[in-house]
Each structure stands twice: as structure tokens, then as C-alpha cells.
Amino acid sequence: MSVRDIIIIGGGPSGLSAAIAAKHHGLEYQIIEQGVLVNSIFNFPPQMVFFTTPELLEIGGLPFVSP
């Protein structure tokens, strides 16, 4: 097992943002998630309201389009 600079618990939006920031700073990281990648988003209720526009909702500079 290799040594990592950072261990990120959770692969949701915050965990992915932390991983992207770590990569930009040249750090070795590992994300530990109990479910699928972005499990928290995967389990959002279908009627969940995001208080933003689809254009402004992004993860790591990539648009996260939602209906």
C-alpha cells in the first residue's frame, strides 16, 4: 500500500472538490466512499430542489446539470 498525503472520507460534492484541490496542488490522495461515487447525490430525492441554476452548479469546473 502506498503512502498518501491526504485521505478524503466521502465521495460526494465536497469530497470531490477536496480531491480536485489536492490534485491541483500535486498531492497524493485517496477517496474512501461507502457507496457509489457521489453516493450522496445518487441518493438525493427526485424532488430535491437545488437553490442555484444548472449553469452555476458545478463540481471541479465541470457543469453538474440537473433537471
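Is Arg4 buried, partly exposed or exposed? Arg4 has a relative accessibility of 32%, so it counts as partly exposed. Keep that residue in mind, because we will come back to its 32% in a few minutes.

Hi everyone. One thing before we start: what you see above is a predicted model.

Let's begin with the whole chain. The protein chain has 67 residues, and 18% of them are buried. Its secondary structure amounts to two helices and four strands. If you start at the N terminus and walk along, you meet them in the order β-α-β-α-β-β. The accessible surface is about 5300 Å², and carbon and sulfur atoms account for 64% of that. Here is one more number for the chain as a whole: take the contacts between residues at least 6 apart in sequence, and 29% of them join residues at least 24 apart.

Now let's zoom in on the start of that order. Strand 1 covers residues 6-9, helix 1 covers residues 13-24, and strand 2 covers residues 29-32. Together, these three elements make a β-α-β unit, and the unit is right-handed. How do strand 1 and strand 2 pair, in the parallel or the antiparallel sense? They pair in the parallel sense, over four bridges.

To see that pairing up close, find Ile8 in strand 1. Across from Ile8, in strand 2, stands Ile31. In sequence, Ile8 and Ile31 are 23 residues apart, yet their C-alpha atoms are 4.7 Å apart in space. Tyr29 is another one to look for: 21 residues separate it from Ile8 in sequence, and the C-alpha to C-alpha distance is 7.1 Å.

So who touches whom? Setting aside residues up to four places away in sequence, Ile8 is in contact with Gly15, Ala18, Ala19, Tyr29, Gln30, Ile31 and Ile32. With the same neighbours left out, Ile31 touches Ile8, Gly10, Gly11, Gly15, Leu16 and Ala19.

Next, how open are these residues? Ile8 is at 7% relative accessibility, and therefore counts as buried. Ile31, its partner across the strands, is at 26%, so it counts as partly exposed. Now move along strand 1 to Ile9. Ile9 counts as exposed because its relative accessibility is 69%. Ile9 also belongs to a nonpolar surface patch of about 310 Å², which it makes with Ile7 and Ile32.

And now, as promised, back to Arg4. How many salt bridges does a search of the whole structure find? It finds one. The partners are the side chains of Arg4 and Glu28, with 3.6 Å from N to O. This pair links distant parts of the chain: Arg4 sits in the segment before strand 1, while Glu28 sits in the loop between helix 1 and strand 2, 24 residues apart. For anyone wondering about the general idea, side chains of opposite charge can pair when their charged atoms come close. As for Glu28, its relative accessibility is 44%, so it counts as partly exposed, and we began with Arg4 as partly exposed at 32%.

If you want to explore the model yourself, try two stops. One is Ile8 opposite Ile31, and the other is the salt bridge of Arg4 and Glu28. Thanks for listening!

Methods:
Residues are numbered from 1 along each chain as its sequence is written. This is a predicted model: local features need pLDDT of at least 70, side-chain atom pairs count only at pLDDT 80 or more; totals for chains, interfaces and linings use all residues. Side-chain values use heavy atoms; hydrogens and water are left out. Patches are made of residues with over 30% relative accessible area and no salt bridge: like charges are joined within 9 Å, nonpolar side chains (Val, Leu, Ile, Met, Phe, Trp, Tyr) within 5 Å. Accessible areas come from the Shrake-Rupley method with a 1.4 Å probe; for residues, only the protein chains shown count as cover. A salt bridge is a side-chain nitrogen of Lys or Arg within 4 Å of a carboxyl oxygen of Asp or Glu. Buried means under 20% relative accessible area, exposed over 50%, partly exposed in between (1.4 Å probe, protein chains only). Two strands pair if DSSP finds at least two bridges between them. A crossover is right-handed if, with the strands pointing away from the viewer, the path from the first strand over the helix to the second runs clockwise. Contact means heavy atoms within 4.5 Å.
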